[in-house]
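User: I'd like to practise reading features from a structure, one at a time. Could you walk me through a few of them?

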Amino acid sequence: MNTRYIKNLISLVVVAALAVACGDDLTDTNINPNEALHPQPDYLLTNAIKASVDTYWGVDNNMNSTLLFVQHFAKIQYTDPDRYRYTNTSFESTWKGFYSVGLADLAEITTLAEESGNDNYKGVALILRSWLFANLTDLYGAVPYRQALQITDQLAPGYDGQDVVYAGILDDLKTAVELLDPEGDAIAGDILYNGKIANWIKFGNALRLRYALRIADQAEDKAREVITDLQGKPIISSNDELARLVYSSSPNQNPIALNFETRNDYRVSRTMIETLRALGDPRLPVFASPTETATAEVYIGVPNGLTNDAASDLGLAKTSKPGSYFLRSEAPGVVLSYSEVLFNQAEAVEREFITGDAEALYEQAITASLQQFGIINTTVINDYLDQPAVQYNAANYRESIGTQKWIALFGQGTEAFCEWRRLDYPQLTPAVNGVLSGKIPVRFIYPGSEQSLNGKSYRDAVNVQGTDALTTRLWFDKQ
């Protein structure tokens with residue numbers, strides 16, 4: 001045999017052996033000693049809740065979009081978003097935050113729960129999964145749903161219309177509640193309800209009520225079926241049971257408080273402040289801060305849609321920031337309140353889905369909202385309820401419920417945006433210098449990443465739903 005050939009062969013064997021040895025060493029070296037080798041459901045649950053509520057209450061999903069649309073907030077600097085100037089990157093973080101973090105973690109929890117047989121983890125994950133998919137369809141319309149998160153099978157998941165998504169959510173929520181057992185296996189990592197499964201059952205049922213009404217104008221029979229089935233079942237029934245994440249100090253502070261630590265771009269909208277002032281609403285000093293420079297009005301809101309120059313002319317010191325309630329690091333991130341449940345029950349009575357006293361439920365809802373924000377004086381509450389402008393109008397329940405729910409949802413941009421579109425009240429005036437020909441946005445546009453990475457599914461969805469524009473009305477938002 002050729003001596004050169006033998007030498008080359010030996011060299012190749014040595015190199016191969018060294019490569020294997022180095023590979024083993026590198027594998028060992030690249031193991032993070034501080035990272036769990038196997039995912040733990042408690043850590044995943046904590047992260048899913050924290051990341052999702054952060055996104056829900058955060059800048060892109062809340063302060064810089066939905067809170068502007070519904071005129072809870074307005075911009076005093078960098079005002080383009082308040083004039084509805086957005087690009088296909090503006091809503092990227094909401095999409096990725098819900099899909100890539102929250103839903104991905106919940107999918108892993110579900111797998112682990114099925115392996116361990118812990119139905120309480122599975123039920124909680126399914127409730128949160130339903131809430132996140134509802135947020136996505138509430139905001140964008142058609143979204144990847146049935147084929148979502150199937151990385152090994154569906155790299156380009158198809159979109160499902162809102163009729164499919166809401167129906168699936170309602171079915172999943174019913175399944176989730178049936179899985180939950182307060183006497184069953186314990187769960188850990190629950191920073192929403194501290195492992196109290198009875199409260200998760202109430203939250204799940206409250207979400208069923210919310211989304212049944214969401215589709216009531218388009219799918220009345222389904223809405224009636226769900227709400228009828230809810231009768232007699234446990235549901236959120238006090239402010240102690242509302243679904244909220246209580247924040248703490250840095251780095252786990254409320255997203256609004258976090259933003260105001262380094263930024264000064266937002267003020268309370270003039271629409272909100274003047275509505276509260278006209279009603280003598282005791283929530284005004286909770287929702288808004290006095291102007292830093294003393295003014296006769298004390299609270300001064302900013303009109304939505306000002307140019308940068310016009311906003312600058314108003315001045316930072318002579319306009320009202322959100323109230324100290326919202327600027328505290330530990331301010332709660334509410335997901336679903338007791339007052340919302342009562343407003344929803346009042347509407348269900350008016351729609352004759354259930355029996356009851358709609359006016360009494362409406363007044364209880366306002367009372368619950370006042371108490372949620374620290375207003376507990378009975379005389380103050382009763383005086384407010386007795387005002388003609390606050391009293392319930394059964395002839396136009398949409399206006400009464402819509403206006404008071406809009407107030408009660410202050411800070412919860414996504415839900416306020418949904419209910420404003422669905423109930424058509426209060427009747428808001430579009431941004432003064434808006435760029436949408438006198439219209440207010442009624443949806444988010446899809447992120448540019450979907451156009452580039454999931455182009456065919458994106459185009460198919462747009463062809464069915466309508467132009468990918470801020471003004472394209474969604475299925476649930478029936479005129």
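User: Let's start with Asn120: is this residue buried or exposed?

Analyst: Buried, in this predicted model. The cut-off for buried is under 20% relative accessible area, and Asn120 has a value of 2%, so the residue falls in the buried class. Asn120 is found in helix H5, which covers residues 119-140.

User: Which polar atoms does the side chain of Asn120 reach?

Analyst: Look for backbone partners here. A polar atom of the Asn120 side chain lies 2.8 Å from the backbone nitrogen of Asp181. The side chain also reaches the backbone oxygen of Asp185, at 2.7 Å.

User: And which residues is Asn120 in contact with, leaving aside its neighbours within four places in sequence?

Analyst: The two aspartates appear again: Asn120 is in contact with Leu179, Leu180, Asp181, Gly184, Asp185, Ile187 and Ile197.

User: How should I read the helix as a whole? How many residues of H5 are buried?

Analyst: Here is the general idea to begin with. An α-helix has 3.6 residues a turn, so residues three or four places apart point the same way. Now the case at hand: 19 of the 22 residues of H5 are buried, so this helix is largely enclosed by the rest of the structure. From first C-alpha to last, H5 reaches 31 Å, close to the 32 Å expected at 1.5 Å a residue.

User: What is found at the ends of H5?

Analyst: At the N-terminal end, Asn118 acts as a cap, with a side-chain oxygen 3.1 Å from the backbone nitrogen of Asn120. Just after H5, Gly141 takes a positive phi of about 100°.

User: For contrast, where does Asp153 lie, and is it buried or exposed?

Analyst: Asp153 lies in the loop between strand S2 (143-144) and strand S3 (159-160). Exposed means over 50%, and Asp153 has a relative accessible area of 59%, so this residue is exposed. A helix can carry an exposed residue too: Asn463, in helix H20 (residues 455-465), counts as exposed at 66% relative accessibility.

User: Now for empty space. How is it found, and how many cavities of 30 Å³ or more are there?

Analyst: Rolling a probe the size of a water molecule over the atoms shows where empty space is left. A search of the whole structure finds 1 cavity of 30 Å³ or more. The largest cavity holds about 60 Å³ of space. Its lining is made up of Trp57, Tyr325, Phe326, Pro332, Val334, Gln372, Phe373, Phe410 and Gln412. Helix H13 (324-327) and strand S6 (332-336) are the elements that give two or more residues to that lining. By class, the lining has 7 nonpolar, 2 polar and no charged residues.

User: What about the open spaces: what volume does the largest pocket have, and which residues lie nearest its centre?

Analyst: The largest pocket has a volume of about 440 Å³. Of the 17 residues that line this pocket, Trp95, Tyr99, Ile151, Pro157 and Glu450 lie nearest its centre. Helix H4 (92-116) and helix H19 (448-453) each supply at least two lining residues, and H4 gives the largest share, 5 residues. The lining divides into 10 nonpolar, 5 polar and 2 charged residues.

User: And how does the lining of the second largest pocket divide by class?

Analyst: That lining has 6 nonpolar, 3 polar and 5 charged residues. The second largest pocket has a volume of about 330 Å³. Among its 14 lining residues, Trp420, Asp424, Ile440, Val442 and Arg473 lie nearest the centre.

Methods: Residues are numbered from 1 along each chain as its sequence is written. This is a predicted model: local features need pLDDT of at least 70, side-chain atom pairs count only at pLDDT 80 or more; totals for chains, interfaces and linings use all residues. Side-chain values use heavy atoms; hydrogens and water are left out. On a 1 Å grid over the protein atoms alone, a cavity is a set of points where a 1.4 Å probe fits but cannot get out, and a pocket is an open set with protein on both sides within 12 Å along at least five of seven lines; lining residues have an atom within 4 Å of a point. Grid points are joined across faces, edges and corners, and a volume is the space filled by probe spheres set on the points. Helices (H or I, at least four residues) and strands (E, at least two) are DSSP runs, numbered from the N terminus. Ala, Val, Leu, Ile, Met, Phe, Trp, Tyr, Cys and Pro count as nonpolar, Asp, Glu, Lys and Arg as charged, and the others, Gly among them, as polar. Buried means under 20% relative accessible area, exposed over 50%, partly exposed in between (1.4 Å probe, protein chains only). A polar contact is a pair of N or O atoms within 3.5 Å; within protein, one must be able to donate a hydrogen and the other to accept it, and residues adjacent in sequence count only if both atoms are side-chain atoms. Contact means heavy atoms within 4.5 Å. The expected span of a helix is 1.5 Å times one less than its number of residues.
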